[in-house]
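This report is written for a reader who is meeting the structure for the first time. Please keep the sequence and the model at hand while reading.

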Amino acid sequence: MKNGGSSMQIACGKCEFYYVTHDKTRPWGCKKFNFKSTRLPSQEVKHSTGMDCAYYTQKIVNSTSEKRS
């Protein structure tokens, strides 16, 4: 592990830049880096740069919309 032995686990599904594409060959994408991939964006960034994604930004969820039925 790099960075003093710590490595963070990024959950792309909780990031505001993550999206699911309609492309069967590249099903996951990142709006910040503007790419689609066969791997989750955080895995692609780690593979390409050797570093964890620096742009992970947790989605803000509107809790009032979840409470409506």
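## Helix α1 and its surroundings

Just after helix α1, Gly 50 adopts a positive phi of about 85 degrees. The model discussed here is a predicted one.

Helix α1 covers residues 41-49, and its buried residues are Pro 41, Ser 42, Glu 44 and Val 45. Viewed down the axis of α1, these buried residues fall within an arc of 160 degrees, so they line one face of the helix. In an α-helix there are 3.6 residues a turn, so residues three or four places apart point the same way. What do the buried residues of α1 pack against? Their partners are β1 (18-20), β2 (28-30) and β3.

Val 45 is one of these buried helix residues. Leaving aside residues up to four places away in sequence, Val 45 touches Phe 33, Phe 35, Gly 50, Met 51, Asp 52 and Cys 53. Gly 50, the residue with the positive phi, is thus named again among the contacts of Val 45.

## The nonpolar core and the cysteines

Val 45 also belongs to the largest nonpolar core, which has 9 residues in all. Its other members are Ile 10, Cys 12, Cys 15, Phe 17, Tyr 18, Cys 30, Phe 35 and Cys 53. Nonpolar side chains in soluble globular proteins tend to be buried together.

Several cysteines appear in this core, including Cys 12 and Cys 15. How many disulfides does the model contain? The count comes to 0 disulfides. Cys 12 is in no disulfide, and the nearest cysteine sulfur, that of Cys 15, is 6.8 Å away. For Cys 15, the closest cysteine sulfur is in Cys 53, at 6.3 Å, which is too far for a bond. A pair of cysteine sulfur atoms would have to lie within 2.5 Å to be counted as a disulfide. Cys 12 is buried, with a relative accessible area of 8%, and Cys 15 likewise counts as buried, at 9% relative accessibility.

## Salt bridges

A search of the whole structure finds 4 salt bridges. Three entries are listed below.

| Acidic residue | Basic residue | Closest N to O distance |
|---|---|---|
| Asp 23 | Arg 26 | 3.3 Å |
| Asp 23 | Lys 36 | 3.7 Å |
| Glu 44 | Arg 39 | 3.2 Å |

Asp 23, Arg 26 and Lys 36 are linked in a network of salt bridges. Lys 36 forms a salt bridge with Asp 23. Lys 36 lies in strand β3 and Asp 23 in the loop between β1 and β2, so this pair ties together parts that are 13 residues apart in sequence. Arg 26 is partly exposed, with a relative accessible area of 36%, and Lys 36 counts as partly exposed at 32% relative accessibility.

Is Glu 44 buried or exposed? Glu 44 is buried, with a relative accessible area of 18%, whereas its partner Arg 39 counts as partly exposed at 30% relative accessibility.

## Ser 37 in strand β3

Strand β3 spans residues 35-37 and includes Ser 37. At 6% relative accessibility, Ser 37 counts as buried. A polar atom of the Ser 37 side chain lies 3.0 Å from the backbone nitrogen of Arg 39. Beyond residues up to four places away in sequence, Ser 37 touches Arg 26, Pro 27, Trp 28 and Glu 44. Two of these residues recur in the salt bridges: Arg 26 is paired with Asp 23, and Glu 44 is paired with Arg 39.

Note on methods: Residues are numbered from 1 along each chain as its sequence is written. This is a predicted model: local features need pLDDT of at least 70, side-chain atom pairs count only at pLDDT 80 or more; totals for chains, interfaces and linings use all residues. Side-chain values use heavy atoms; hydrogens and water are left out. Helices (H or I, at least four residues) and strands (E, at least two) are DSSP runs, numbered from the N terminus. Buried means under 20% relative accessible area, exposed over 50%, partly exposed in between (1.4 Å probe, protein chains only). A polar contact is a pair of N or O atoms within 3.5 Å; within protein, one must be able to donate a hydrogen and the other to accept it, and residues adjacent in sequence count only if both atoms are side-chain atoms. Contact means heavy atoms within 4.5 Å. The arc is that of the directions from the helix axis to the C-beta atoms. A nonpolar core is a set of buried Ala, Val, Leu, Ile, Met, Phe, Trp, Tyr and Cys residues joined through side-chain atoms within 4.5 Å. A salt bridge is a side-chain nitrogen of Lys or Arg within 4 Å of a carboxyl oxygen of Asp or Glu.
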